[in-house]
Amino acid sequence: QVQLMESGGGSVQTGGSLRLSCVNSRPIYGNACLGWFRQTPEKEREGVAAISLGGATPYYADSVKGRFTVSRDSPKMTLYLQMNSLKPEDTAMYYCAAAYGTFCSDLSLTTPQNFGAWGQGTQVTVSS
């Protein structure tokens, strides 16, 4: 049963924008850390951004600070990633993930193993 479903990926030119969405079909009781990760065939999975379901503090990888914005619509159980000023190095498969029963922290983006639910990914391609 699919719990997380991403959408919004696509192909853009350098400097363009995309907005990714992730719908969580599983009701969440209590807290959760919701995150975005990305991966290419050449690199390990990289944490991009995260935000707690019940919190306001977002966490970002240094490589996307100032360009990406993570947000969530709790009633709709949807996680978003607004990506602006895209660069070719942002090209990757983007995954949303959820760690139920916990808040996000500074360590969240570096511990993907703590996220128990994953979407199937949406491809983002940025051309120069």
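This report walks through the fold, the main pocket and a handful of residues in a predicted model.

## Ground rules

The model is predicted, so local features need pLDDT of at least 70 and side-chain atom pairs count only at pLDDT 80 or more, while totals for chains, interfaces and linings use all residues. Residues are numbered from 1 along each chain as its sequence is written, and side-chain values use heavy atoms, with hydrogens and water left out.

## Overall fold

What does the secondary structure come to? The protein chain has zero helices and 11 strands, and from the N terminus on its elements read β-β-β-β-β-β-β-β-β-β-β. Here helices (H or I, at least four residues) and strands (E, at least two) are DSSP runs, numbered from the N terminus.

On overall dimensions, a compact globule with 128 residues would have a radius of gyration near 14 Å, and the protein chain agrees with its 13 Å. That radius is taken over C-alpha atoms, and the globule rule is 2.2 Å times the number of residues to the power 0.38. Along the principal axes, the C-alpha atoms fill a box of roughly 45 × 30 × 25 Å.

## Surface and contacts

The protein chain exposes about 6600 Å², and carbon and sulfur atoms supply 50% of that. Accessible areas come from the Shrake-Rupley method with a 1.4 Å probe; for residues, only the protein chains shown count as cover. Of the 128 residues, 45% are buried. Buried means under 20% relative accessible area, exposed over 50%, and partly exposed in between (1.4 Å probe, protein chains only).

Now for contacts, meaning heavy atoms within 4.5 Å. Among those between residues at least 6 apart in sequence, 59% join residues at least 24 apart.

## The largest pocket

The largest pocket has a volume of about 180 Å³. It is lined by 14 residues, and Arg38, Lys43, Glu46, Glu89 and Thr91 lie nearest its centre. The lining breaks down into one nonpolar, four polar and nine charged residues. For those classes, Ala, Val, Leu, Ile, Met, Phe, Trp, Tyr, Cys and Pro count as nonpolar, Asp, Glu, Lys and Arg as charged, and the others, Gly among them, as polar.

As for the method, a pocket is an open set of points on a 1 Å grid over the protein atoms alone, with protein on both sides within 12 Å along at least five of seven lines, whereas a cavity is a set of points where a 1.4 Å probe fits but cannot get out; lining residues have an atom within 4 Å of a point. Grid points are joined across faces, edges and corners, and a volume is the space filled by probe spheres set on the points.

## Buried spots: Ala50 and Arg67

Alanine 50 sits in strand E5 (residues 46–52) and is buried, with a relative accessible area of 0%. Leaving out residues up to four places away in sequence, alanine 50 touches Cys33, Leu34, Gly35, Thr57, Pro58, Tyr59, Val70, Cys104 and Leu109. Alanine 98 is 48 residues from alanine 50 in sequence, yet the two are 9.4 Å apart in space, C-alpha to C-alpha.

Is arginine 67 buried or exposed? It counts as buried, at a relative accessible area of 11%. Arginine 67 belongs to the loop between strand E6 (58–60) and strand E7 (68–73), and its contacts beyond four places in sequence are Gln82, Met83, Asn84, Ser85, Leu86, Lys87 and Asp90.

One of those partners, serine 85, has a positive phi of about 50° although it is not a glycine. Serine 85 lies in the loop between strand E8 (78–83) and strand E9 (92–100) and is partly exposed at 42% relative accessibility.

## The Val23–Thr78 pair

Valine 23 is in strand E3 (residues 18–24), and threonine 78 is in strand E8. Valine 23 is partly exposed at 41% relative accessibility, whereas threonine 78 is buried at 8%.

Beyond four places in sequence, valine 23 touches Gln3, Leu4, Met5, Met77 and Thr78. On the same basis, threonine 78 touches Ser21, Cys22, Val23, Ser71, Arg72 and Asp73.

## Gly101 and Ser127

Glycine 101 lies in the loop between E9 and strand E10 (117–118) and is exposed, at 64% relative accessibility. Apart from neighbours within four places in sequence, glycine 101 is in contact with Asn31 and Ala32.

Serine 127 belongs to strand E11 (residues 122–127) and is partly exposed at 33%. Its C-alpha atom is separated by 9.2 Å from that of glutamate 89, a residue that also features among those nearest the centre of the largest pocket.
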